[in-house]
Each structure stands twice: as structure tokens, then as C-alpha cells.
Amino acid sequence: CETELSRSAVNCGACGRVCTAPNAALVCDRSQCLQSACLSGYGDCNSTQNDGCEADLRSTLVHCGGCGKKCEVLNGTGECTQSRCVVASCNAGFGNCDLSPVGGCEVDLQVSNEHCGACDTVCSAGSKCKQGKCVAPALLFYGGNLTLQTTLATSQVSSFNLETRAWSSVATTGTETPGSRMAHVAVWDGA
């Protein structure tokens with residue numbers, strides 16, 4: 001061949017020796033094929049010349065948008081889409097309520113009063129989020145009985161649920177059992 005073998009990308013160092021590598025632009029320099037750049041969206045993340053630009057920076061979790069940029073999501077699963085790390089899904093009980101991949105699935109939906117059970121589900125005033133549901137506090141009634149028609153002091157404890165408007169007995173033991181007394185009411189949030 002009548003060509004300069006030290007600089008021709010199609011005759012590099014020998015006639016017909018073409019410089020090729022996956023997803024890479026190559027040049028012939030002093031009869032050697034050298035990688036000059038990666039095609040858009042790809043990277044040479046292992047720094048090995050012979051396999052070109054092996055990493056797809058647009059969709060690879062370990063090289064999302066650049067070599068070594070891992071797509072990891074707090075309390076969830078990430079996905080690399082168009083070189084951006086996004087939240088693909090959240091673990092059970094967690095939510096990505098700020099819609100930002102930076103914080104991941106940042107909210108515990110089991111206990112957040114602002115995001116109870118689901119993002120933007122706000123518990124009403126006085127209620128608390130417990131196990132992903134807004135619950136009203138209970139009134140605890142110490143001593144006496146449920147009808148309030150007795151003057152006898154007792155150590156009975158009853159609960160009145162403000163949401164369901166239902167009475168129930170509360171089992172107490174040890175130091176939790178109050179001494180005998182006349183009727184006394186207290187608010188209890190169950191915490």
C-alpha cells in the first residue's frame with residue numbers, strides 16, 4: 001500500500017490494519033492505534049485500550065453519567081436513565097416524597113405525621129401516624145368505673161378511643177398499675 005503507515009487509521013503500522021474499538025474514536029500514532037475519545041454516552045472506565053469505551057454511562061448503575069458514579073438510592077432501588085440516577089422504587093414502608101433522587105426514599109411512611117402511609121397524607125391535629133395509619137390519641141380513665149356512677153376508688157384502667165368512640169379495658173402490670181383512686185382522666189398517644 002502506498003500510504004503513511006505511522007499515521008493512517010485504516011493502515012496503522014501495516015497495510016489494511018484498521019484501528020477499531022467499541023464506542024471509541026481512535027487515531028494512529030507512530031504506527032499504533034490509540035484511543036483519542038469516547039463516543040457520547042460512553043466511557044473508558046477500566047482504562048484498558050483494547051476494549052474501547054466499554055461502559056454505557058447512560059444506563060449503567062456503577063457508572064451513571066460518569067466513570068465511578070454509582071447510582072444508589074437510600075431505602076430503595078435506583079435506575080440510571082439518560083445518564084441520571086433516578087428512584088426506580090422504594091423499599092416497603094418508605095417514600096420518595098420530595099421527588100428527588102438525591103435523598104432517595106427519605107420518608108418512613110410508618111411514622112411520619114406529614115406522610116402517613118403515603119406521601120402527602122397528613123394526619124389531622126392531635127392524631128399521630130402509627131404503622132402507616134393516622135390514629136387519634138386515647139383518653140385513659142384511671143379509677144372508678146366506666147359509668148362514673150360510683151364513688152368507690154379502684155385501680156381499674158380503661159381507654160376511650162376518640163376516633164372510634166369506644167371503651168376498652170387496659171391491662172396493666174407492675175409499676176404501670178396505678179394505685180386505687182377516684183376517677184382521673186389523662187390523654188395517651190400510645191407512644
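This report walks through the fold, the confidence, the disulfides and the nonpolar core of a predicted model.

## Overall fold

Let's start with the secondary structure. The protein chain contains 14 strands and 0 helices. Following the sequence from start to end, the pattern is β-β-β-β-β-β-β-β-β-β-β-β-β-β.

The chain has 191 residues, and 27% of them count as buried. Its exposed surface comes to about 11,800 Å², with carbon and sulfur atoms supplying 51% of that area. As for contacts with a separation of 6 or more, 22% are between residues 24 or more positions apart.

## Confidence in the model

How far can you lean on the coordinates? The average pLDDT of the protein chain is 81, and 72% of the residues reach at least 70.

One stretch calls for some care when you look at the picture. Over residues 179–188 the pLDDT stays under 50, and for this stretch the model has 37 contacts beyond four places in sequence.

## Disulfides: the early pair

The structure holds 10 disulfides. A disulfide is a covalent bond between the sulfur atoms of two cysteines. Three of these links are worth a visit here, going along the chain.

One of them joins cysteine 12 to cysteine 28, with an S to S distance of 2.1 Å. This pair connects distant parts of the chain: cysteine 12 sits in the segment before β1 (24–29), while cysteine 28 belongs to strand β1, 16 residues apart. The link of cysteine 12 and cysteine 28 is right-handed, with 85 degrees about the S-S bond. Are its two ends buried or exposed? Cysteine 12 counts as buried because its relative accessibility is 0%, and cysteine 28 counts as buried because its value is 7%.

## Disulfides: two further pairs

Moving on, cysteine 45 is joined to cysteine 67 by a disulfide, S to S 2.1 Å. Here the torsion about the S-S bond is about -85 degrees, so the disulfide of cysteine 45 and cysteine 67 is left-handed. Cysteine 45 lies in the loop between β3 (42–43) and β4 (55–56), and cysteine 67 lies in the loop between β4 and β5 (76–81), so the pair ties together parts that are 22 residues apart in sequence. Cysteine 67 has a relative accessible area of 42%, so this residue is partly exposed.

The third pair is cysteine 123 and cysteine 134, again a disulfide with S to S 2.1 Å. Distant parts of the chain are linked by this pair: cysteine 123 in the loop between β8 (107–108) and β9 (128–130), and cysteine 134 in strand β10 (residues 133–135), 11 residues apart. With -90 degrees about the S-S bond, the link of cysteine 123 and cysteine 134 is left-handed. Cysteine 123 is buried, since its relative accessible area is 9%, whereas cysteine 134, at 27% relative accessibility, counts as partly exposed.

## The nonpolar core

Now for the interior. In soluble globular proteins, nonpolar side chains tend to be buried together. Which residues make up the largest nonpolar core in this model? The core has 7 residues: Cys12, Cys19, Ala21, Ala24, Leu26, Cys28 and Cys53. Cys12 and Cys28, both in this core, are also the partners of the early disulfide described above.

Cysteine 19 gives a good view of the surroundings. Setting aside neighbours within four places in sequence, cysteine 19 is in contact with Ala9, Cys12, Leu26, Val27, Cys28 and Cys33. Among them, Cys12, Leu26 and Cys28 are members of the core.

Technical notes:
Residues are numbered from 1 along each chain as its sequence is written. This is a predicted model: local features need pLDDT of at least 70, side-chain atom pairs count only at pLDDT 80 or more; totals for chains, interfaces and linings use all residues. Side-chain values use heavy atoms; hydrogens and water are left out. Helices (H or I, at least four residues) and strands (E, at least two) are DSSP runs, numbered from the N terminus. Buried means under 20% relative accessible area, exposed over 50%, partly exposed in between (1.4 Å probe, protein chains only). Contact means heavy atoms within 4.5 Å. Accessible areas come from the Shrake-Rupley method with a 1.4 Å probe; for residues, only the protein chains shown count as cover. pLDDT is the predictor's confidence in each residue, from 0 to 100. A disulfide is a pair of cysteine sulfur atoms within 2.5 Å. A nonpolar core is a set of buried Ala, Val, Leu, Ile, Met, Phe, Trp, Tyr and Cys residues joined through side-chain atoms within 4.5 Å.
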